[in-house]
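Thank you all for coming. I would like to walk through one chain this morning, beginning with its strands and ending with the surroundings of its ligand, so please have a look at the screen.

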Amino acid sequence: MNLKIKNVELKSNLILAPMAGLSDVAFRNMCLKFGAGLVCTEMVSAKALSYKNKKTEDLLITLDHEVPKAVQIFGHEPEVMAEAVKNPLLAKFDIIDINMGCPAPKIVKNGDGSALLKNFDLAEQIISACVNATDKPITVKFRIGFDEKENIAVDFARMCERAGAAAITVHGRTTKQGYSGIVNYEAIKQVKQAVNIPIFANGNCETREDYENILKITGADGIMIGRASLGSPEIFEEILSGKKPDVNKFEQIKYHYETLMKFFPEKAVVLSMRTHLANYLKKEYKNTKLLIELLKMNSYSEIIEKLRQNML
Ligand SMILES: Cc1cc2nc3c(=O)[nH]c(=O)nc-3n(C[C@H](O)[C@H](O)[C@H](O)COP(=O)(O)O)c2cc1C
């Protein structure tokens with residue numbers, strides 16, 4: 001039987017991480033097509049939602065067949081977070097995830113993201129308020145601690161479960177570590193042993209071997225994959241089936257641009273696609289001259305023509 005988060009059944013136990021600026025609607029759908037069990041928007045400010053901020057609302061664009069999908073919200077005020085959960089724009093999402101792991105200084109300074117690892121009481125109030133505001137599963141994504149001095153992962157996970165979280169994702173690094181350095185899978189294992197809700201292990205899963213090892217070490221129910229999916233949405237199939245799927249990178253890139261252009265102006269899409277483009281080309285097309293030329297272009301037709309000449 002497939003893994004479930006409360007009443008939501010996942011297609012597999014390998015799920016896509018929220019990534020600011022990158023987990024857009026097109027990318028999420030490609031990952032789902034290749035077997036991702038669940039996809040998630042990038043983090044969305046609960047406060048900005050309360051102001052009906054257009055840029056924030058744009059992050060909530062989805063496709064009809066995008067199932068199952070989660071939205072991730074961040075903030076530090078329980079009432080504002082509960083209001084966000086009830087926002088009609090969130091109604092189409094199956095799961096609502098709360099960000100308690102973001103290490104970015106401007107987020108932490110504001111008391112959001114991983115600042116909440118230092119404030120269990122407030123974190124608990126936020127989770128409870130969100131749980132009480134909806135019947136949907138509320139999940140929490142957090143890190144193993146703020147710095148190496150304290151490993152709070154087990155206590156924090158127990159608090160999340162007590163407050164009503166339906167699942168948790170643990171990034172096995174501290175806030176201080178940012179995105180590099182050793183991932184502490186032992187700490188994730190301790191979390192798994194301490195709570196009864198599904199646990200997703202996160203950090204540095206790049207291959208089928210990693211996937212098998214991380215599941216073995218941690219005993220986690222599933223794995224969340226972030227950076228390794230960039231430029232390679234097919235990684236979900238590759239890891240789950242153990243076989244490299246046959247993909248056409250040109251068609252992937254074309255789908256990515258054209259899906260985004262259904263919703264956003266060409267200029268904005270060309271800009272937001274730059275990091276994705278670099279990722280798509282990094283493995284098979286290590287031609288830096290080509291990438292430099294592409295990154296200077298401002299129109300989609302110019303970019304796609306150049307890609308056609310070099311990739312087909
Ligand atoms: C560019 C970028 C943006 C990210 N944005 C978010 C975010 O919006 N919310 C979140 O919870 N984590 C965010 N993360 C963290 C990832 O979800 C994930 O926890 C981290 O990259 C570790 O997983 P990985 O080693 O598989 O990449 C971001 C990471 C990257 C690289």
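How many of the seven residues of strand S4, residues 39-45, are buried? In this model, which I should say at once is a predicted one, six of the seven are buried, and S4 is accordingly described as mostly covered. S4 runs parallel to S5, to which five bridges join it, and if you would like one pair to look for, Val39 has Lys69 in S5 as its bridge partner.

From there we can move on to the next strand. S5, residues 69-74, is in turn joined to S6 by four bridges, again with the two strands running parallel, and here Gln72 has Asp97 in S6 as its bridge partner. Between these strands there is helix H4, residues 78-86, and S5, H4 and S6 together make a β-α-β unit that is right-handed.

S6 itself, residues 95-100, deserves a moment, since six of its six residues are buried. Ile95, Asp97 and Asn99 point one way from the strand, whereas Ile96, Ile98 and Met100 point the other way, and the residues of both sets are all buried. So Asp97, which we met as the partner of Gln72, is a buried residue by the count of 20 or more other C-beta atoms within 10 Å. S6 also pairs in the parallel sense with S7, residues 138-145, over five bridges, and in that pairing Ile96 stands opposite Ile138.

Let me now turn to a helix. In H8, residues 185-194, the buried residues are Tyr185, Ala187, Ile188, Lys189, Val191 and Lys192, and you will notice that two lysines are named there. These buried residues pack against S7, against helix H7 (153-163) and strand S8 (167-174), and also against strand S9 (199-202) and helix H9 (208-218).

Two loop residues make a useful contrast. Ile182 sits in the loop between S8 and H8, and because it has 10 C-beta neighbours inside 10 Å, it counts as exposed; its C-alpha atom is separated by 36 Å from that of Lys296, which lies 114 residues away along the chain. Leu59 is also in a loop, the one between helix H3 (54-58) and S5, but Leu59 is buried, because 22 other C-beta atoms lie within 10 Å. If we leave aside the neighbours within four places in sequence, Leu59 is in contact with Thr41, Glu42 and Val44, while the C-alpha atoms of Leu59 and Thr169, 110 residues apart along the chain, are separated by 21 Å.

Stepping back to the whole chain, we have 15 helices and 10 strands. The radius of gyration is 19 Å, close to the 20 Å that the globule rule gives for 312 residues, so the chain is as compact as a globular protein of that length. The C-alpha trace spans about 55 × 45 × 40 Å along its principal axes, and buried residues make up 45% of the 312. Among the contacts with a separation of 6 or more, 68% are between residues 24 or more positions apart.

Finally, which residues are the closest to the ligand? Of the 22 that surround the ligand, they are Ala17, Ala20, Met43, Gly226 and Arg227, and the shell as a whole divides into 11 nonpolar, eight polar and three charged residues.

Terms used. Residues numbered from 1 in each chain as written. Predicted model: local features only at pLDDT ≥ 70, side-chain atom pairs only at ≥ 80, totals over all residues. Near = placed C-beta within 6 Å. Nonpolar A, V, L, I, M, F, W, Y, C, P; charged D, E, K, R; others polar. Buried ≥ 20, exposed ≤ 12 C-beta atoms within 10 Å, placed from the backbone. Pairing = 2+ DSSP bridges. Right-handed = clockwise from strand over helix to strand, strands pointing away. Rg over C-alpha atoms; globule rule 2.2 N^0.38 Å. Contact = placed C-beta atoms within 7 Å.
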